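User: I would like to go through this model by question and answer. Please keep each answer short and end on the item asked for.

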Amino acid sequence: MSLPPGFLEELRSRTSLTQVVGRKVMWDNRKSNQGKGDMWAPCPFHQEKSASFHVDDRKGFYYCFGCHAKGDAIGFVIESENVGFMEAVRILAAEAGMQIPERDPQAQQKADRRTQLIEVMDQAQRHFRLMLNTVAGADARSYLQQRGLDAATQERFGIGFAPQAWQGLWDHLTARNVEAELILGCGLARPSAKGGTPYDVFRGRIMFPIHDARGRVIAFGGRAMDPADNAKYLNSPETELFDKSRTLYNYGPAREAAGKGQPLIVAEGYMDVIALAQAGFQGAVAPLGTAVTEMQLQLMWRAVDEPVMALDGDRAGLAAARRVMDLALPLLEAGKSLRFALMPGGQDPDDILRSQGAAAIQALIDDAQPMMQLLWQRETEGRSFDSPERRAALDRALREAIGQIRDPLIRGHYERAIKDLTWRLYQSRKVPGPKRAIRSAWRGGPKAELWQLDVLPKPEAKASPLAVMDASKVSMAMREAVILAAIISAPVILPEFEAALDRLDCADPAHARIRDLIARHAPDGAGPLRNAITAAMGGDALEKLLSLPHVALTPPVRHPGDAGRARMTVAEELAKIAAAQGLSAEIVDAAEDMQGVADEALTYRLGRAAEARNRAVRSEHEDRAEYDIADNGARMNRGEREQFDALLDSITYSKPRR
């Protein structure tokens, strides 16, 4: 079966030799350079221990320095799978998502026709170059000079000019015996609707030839010289040579530059690419007037692992970046991704080069943000998440976006990154003024450390955190320890107390760190939570917390995993802390109000707050609890205490006999 040459060329371009060979060998990571597609491994065709088998993924060839085996992806499948040529083609075509063409006895004729079309395109390109240097091209030369394109750059990119004439190119080609059907097949002319002579597609435009990966002209892009022209840029129609969804402007030279270590920069238009290349960024490419396609993404990834999308910084550029991100998410593979360098102030790369120079572009490329950051920015920028409904909407949007990723390993990394960013977002708070902050914390508002509010002096680091606390803060720290230990023993109860835990202003800095770790890792379960605390704070941090006398005796610690006891303990301690904070808030208010006129209402408020605090400390929950709180803050078993009291009551004391 004969295949059209174009099919095999496309098959090779869409096949990664590294992936094909990687199924049969184990790469030598010390010798290989995956970023450059330069891979080494022991040869699969003969027995050896050293890595003498070399794969050049960019060129698509392999070679063994031991047995001298060599070839391309098709040849490797033939040798490694012991199959024939057509079977190897079918295997690779199925992996690349390509359909094998039906048997075509006229394949050679089609190949000959493709060669003829390329020759016509080459003649057209030479004609446009000639026209640029005529009197008719004076304005075009002046425009290119104003844009900073020197003669060497114009020659390198083959820039030309199509005069404002209806049959200028047509007459030129037909005078050289080029068949009319070939001119029309190249998309250089259109048939007249009135039955007259076909007319040129490009008129009054600066011409940019578009090349395939092998450097052959397959299409043109033309920029209108007339500002009133409806189409500022016009590309060739799709032909047997040209499929704009599978083509990138300047791809061949850019791929070669990327192989030498330069970044692959994806700009929006011809002028951006040319300006970047002239400034030293040889790895610049551009899609052809449309949004980036899946095939264009695959072409980029064949050149480098992380192309940089250099898009305009306006709203349209940001929207284009997000469309590319949505396209790329399902296609991500390990090591293959995109980075985004958004130009500031609505400028394009050409504008920045002319105003600030190449160093500014290099800085933007160095600071290009990963896809994860762009995804997070899209879902959170300019939005508030101050309600459960808004947070749920954010979670759903992020889950839907991440769900597009097919690779489970990458999807897992995205999920962990999103979890971390979400936790940080929900932890962010604004710090209000002193009086309002304490009242807000007492009523369930945003948290703030007391020393930050200038209400209490900032604690200094000493050997023991309790050494710098007054009695009220010592009591608070003891209750915090009980709460944290209870949740650690039964992390399943966290969703019920998540908001309260978030508002908990820990008097002990160590407790604050444990609180934050619980909020982040409790959903993963008791084991991962304990491991996270140990990894972050050291092996003895958790042991110190759980071995505290007033903690070790609590029901949740004595019965780990008992959600009912843990839930009851946490609710009770939170109620006591809230009551104490309420009393503190009222005292602060009273201190401010006493600067004015003190009346009975003031003493009534303080009395009610103190009464609420006492009720919480001696609540009905505590009456039904298993333990009492001693004067020193320690918990004592109520049954044992009652037995001890009864024993004391049974002892009668009498005066000794003389």
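Analyst: Two strands count as paired if DSSP finds at least two bridges between them. The model is predicted. Ask away.

User: In what order do the strands of the five-stranded open sheet stand?
Analyst: The pairing in this open sheet is mixed. One parallel pair is β11 (residues 265–266) with β13 (residues 308–311), over two bridges. In that pair V266 stands opposite M309. The order of the five strands is β12-β11-β13-β14-β15.

User: Which strands stand at the edges of the sheet with the order β12-β11-β13-β14-β15, each with a single partner strand?
Analyst: The order of this sheet is β12-β11-β13-β14-β15. An edge strand here has a single partner, so one side of each is left without a neighbour in the sheet. The edge strands are β12 (284–285) and β15 (369–370).

User: What is the order of the four-stranded open sheet?
Analyst: Strand β1 (residues 38–41) pairs with β2 (residues 53–56) in the antiparallel sense over four bridges. Strand β2 is joined to β3 (residues 61–64) by four bridges, and these two also run antiparallel. In this sheet β1 and β4 stand at the edges, each with a single partner strand. The order is β1-β2-β3-β4.

User: Which residue in β2 stands opposite D38?
Analyst: D38 falls within the range of β1, residues 38–41. Strand β1 pairs with β2 in the antiparallel sense. A41 stands opposite F53 in β2. The residue opposite D38 is D56.

User: Which residue in the turn between β2 and β3 has a positive phi?
Analyst: Strands β2 and β3 form a hairpin with four residues between them. V55 stands opposite Y62 in β3. The turn residue has a positive phi of about 80°, and it is G60.

User: Is F53 buried or exposed?
Analyst: F53 is placed in strand β2. Its C-alpha atom is separated from that of A69 by 8.6 Å, with the two residues 16 apart along the chain. The relative accessible area of F53 is 0%, and buried means under 20%. F53 is therefore buried.

User: Where is H68 found?
Analyst: Most residues other than glycine have a negative phi. H68 has a positive phi, near 65°. H68 is found in the loop between β3 and β4 (70–71).

User: Is N177 buried or exposed?
Analyst: N177 lies in the loop between α8 (168–174) and α9 (180–185). Its phi is positive too, near 65°. Relative accessibility is 72%, and the exposed class starts over 50%. N177 is therefore exposed.

User: How many disulfides are there?
Analyst: A disulfide needs two cysteine sulfur atoms within 2.5 Å. For C67 the nearest cysteine sulfur is that of C64, 3.6 Å away, and C67 is in no disulfide. The count of disulfides comes to zero.

User: Which class of accessibility does C186 fall in?
Analyst: C67 has 32% relative accessibility and counts as partly exposed. C186 has 1% relative accessibility. The buried class is under 20%, so C186 counts as buried.

User: How many residues are in the largest nonpolar core?
Analyst: In soluble globular proteins, nonpolar side chains tend to be buried together. Here I159, L188, F208, F220, Y249, L276 and I361 touch the most other members of the largest core. A second, separate core has 43 residues, including A254, M300, L338 and I405. The largest core has 60 residues.

User: At what angle do the axes of helices α13 and α16 cross?
Analyst: Two packed helices are described by the angle between their axes and the distance between the axes. The axes of α13 (residues 315–328) and α16 (residues 371–380) come within 11 Å. Among the residues that meet are L318, A321 and M325 in α13, with M371, L374 and L375 in α16. The crossing is left-handed, and its angle is roughly 115°.

User: What percentage of the residues in the protein is buried?
Analyst: The protein has 30 helices and 17 strands. Among contacts between residues at least 6 apart in sequence, 62% join residues at least 24 apart. Of the 658 residues, the buried share is 44%.

Note on methods: Residues numbered from 1 in each chain as written. Predicted model: local features only at pLDDT ≥ 70, side-chain atom pairs only at ≥ 80, totals over all residues. Heavy atoms only, no water. Core = buried A, V, L, I, M, F, W, Y, C linked by side-chain atoms within 4.5 Å. Buried < 20%, exposed > 50% of the residue type's maximum accessible area, 1.4 Å probe, protein only. Axes fitted to C-alpha atoms, helices over the stretch in contact; angles between N-to-C directions. Left-handed = near helix turned anticlockwise from the far one by under 90°. Contact = heavy atoms within 4.5 Å.
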